[in-house]
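I sat down with this one today and kept short notes as I went. Here is what I looked up, in the order I looked.

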Amino acid sequence: MPAILPLPRHVVNDAVARAIAEDQGGRGDVTSLACIPAKAEAKFYFNAREAGVVCGFQPALAAIWQCDPEALVSPQMEDGDTVKPGDVLISVTGRARGLLAAERIALNFMGRMSGVATLTRAYVDVVKGTGTRIAHTRKTTPGFRAFELQAVQAGGGALHRFGLDDAILIKDNHVAVCGGVRQAVEAARKSAGHMTRIAVEVDRLDQLDAAISAGAESVLLDNFSLDDLRAAVAAAKGKVTLEASGGVNLDTVRGIAETGVDVISVGALTHSAPNFDIGLDED
């Protein structure tokens, strides 16, 4: 499994602070303020309520500490761990008001990220033994990309582009405007520095040779049939990284991997992952 890179602390803290501000509005948690004595202490457990892969400990802990800076927090698992129903993920002791204010924020982050991690692991498991990597796309929740991509890593997936400034990826509309695959790749090659990777998307087998000869390092094979994927692998002869995309689901991904492509990018990892069920229970 790829190493799970920690997110920068300021990214986590800023995102959590915005989530708390959104949740509490201008008056705070009026329910807890009305019902819970200011000095009341409580101990809670974050428990998994289904089987899967957990992720999101960084923002969950940040939410707790932003709401109760003196809370005593003890994570029992870490990002990427496989859990079963009833497993304790985090135990926490602190001021009841703060912990209850943090509850939904922490659960929202962990539920979303664990859902992405669990779905990613399902895809990774299906292609196991083929040598093909499962990667994400840019079809992410606006403002939440860093968290969702960390979750992809936690599920064993590979990183693709983080954003538009990460690599040159020439898509079909770029090709159309430039007048062809070769013209687009050659223009990119003249502009790019030697450290910038160039990838190009093709939707026909006869475009592959132009992409390779023009200097692309990666070729994205969009919505190719299995026969055309196999033909592309044979024609490329390892000269470029071949990525398959389009029409990928858990029923089709194994067959795509068995064609010999290097990477399969799956938008569903982030745009269709269900929420993972985690609950907060009192001691």
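**Entry 1: the core**

I started with the largest nonpolar core, which has 87 residues, and found that Phe46 and Leu89 touch the most other members. Helix H4 (residues 96-126) gives the most to this core, namely 15 residues. I kept in mind that this is a predicted model. As a reminder to myself, nonpolar side chains tend to be buried together in soluble globular proteins.

Next I listed the contacts of Phe46, leaving aside neighbours within four places in sequence. Phe46 is in contact with Asp87, Val88, Leu89, Ile90 and Val92, with Ile64, with Ala106 and Leu107, and with Ile278, Gly279 and Leu280.

**Entry 2: the sheet**

Which order do the strands of the open four-stranded sheet follow? I read E3-E5-E1-E12, with antiparallel pairing. Strand E3 (72-75) and strand E12 (278-282) are the edge strands, each pairing on one side only. On average, neighbouring strands here are turned by 15 degrees against each other, direction ignored.

I then looked at the pair E1 (residues 41-48) and E5 (residues 88-95): the two run antiparallel and are joined by seven bridges. Within this pair, Phe44 has Val92 of E5 as its bridge partner.

**Entry 3: helices around the sheet**

H4 lies across E1, E5 and E12, and runs at about 160 degrees to E5.

How do H4 and helix H5 (residues 145-154) cross? Their axes come within 7 Å and cross at roughly 40 degrees. That angle makes H4 oblique to H5, and the crossing is right-handed. From H4, the contact is made by Phe109, Arg112, Met113, Val116, Ala117, Thr120 and Arg121. From H5, I noted Phe147, Glu148, Gln150, Ala151, Val152 and Ala154.

I paused at Thr120, which lies in helix H4. Is Thr120 buried or exposed? Thr120 is buried, with a relative accessible area of 0%. Not counting residues up to four places away in sequence, Thr120 touches Val152, Gly155, Gly156, Gly157 and Leu269.

Helix H3 (residues 57-67) is mostly covered, with eight of its 11 residues buried. I wrote them down as Phe57, Pro59, Ala60, Leu61, Ala62, Ala63, Ile64 and Cys67. These buried residues pack against helix H1 (9-24), H4 and H5, and also against E1, E3 and E5.

**Entry 4: two positive phi values**

Most residues other than glycine have a negative phi, so I searched for exceptions. Asn223 has a phi near 55 degrees, a positive value in a residue other than glycine. Asn223 sits in the loop between strand E9 (218-222) and helix H9 (226-236), and is exposed, with a relative accessible area of 53%.

Lys237 also caught my eye, with a phi near 50 degrees. I found Lys237 in the loop between H9 and E10. Lys237 is exposed, with a relative accessible area of 67%.

**Entry 5: Thr241**

My last stop was Thr241, in strand E10 (residues 241-245). How exposed is Thr241? Its relative accessible area is 23%, and because buried requires under 20%, I put Thr241 down as partly exposed.

Thr241 and Asp262 are 21 residues apart in sequence, yet their C-alpha atoms are 6.1 Å apart in space. Asp262 is also among the residues that Thr241 touches, not counting those up to four places away in sequence. The others on that list are Arg133, Arg197, Glu217, Ser218, Val219 and Val263.

Key:
Residues are numbered from 1 along each chain as its sequence is written. This is a predicted model: local features need pLDDT of at least 70, side-chain atom pairs count only at pLDDT 80 or more; totals for chains, interfaces and linings use all residues. Side-chain values use heavy atoms; hydrogens and water are left out. Buried means under 20% relative accessible area, exposed over 50%, partly exposed in between (1.4 Å probe, protein chains only). Contact means heavy atoms within 4.5 Å. A nonpolar core is a set of buried Ala, Val, Leu, Ile, Met, Phe, Trp, Tyr and Cys residues joined through side-chain atoms within 4.5 Å. Two strands pair if DSSP finds at least two bridges between them. Axes are lines fitted to C-alpha atoms, for helices over the stretch in contact, and angles run from 0 to 180 degrees between N-to-C directions. Angles under 35 degrees count as roughly parallel, over 145 as roughly antiparallel, 65 to 115 as roughly perpendicular and the rest as oblique. A crossing is left-handed if the near helix is turned anticlockwise from the far one by less than a right angle, and right-handed if clockwise.
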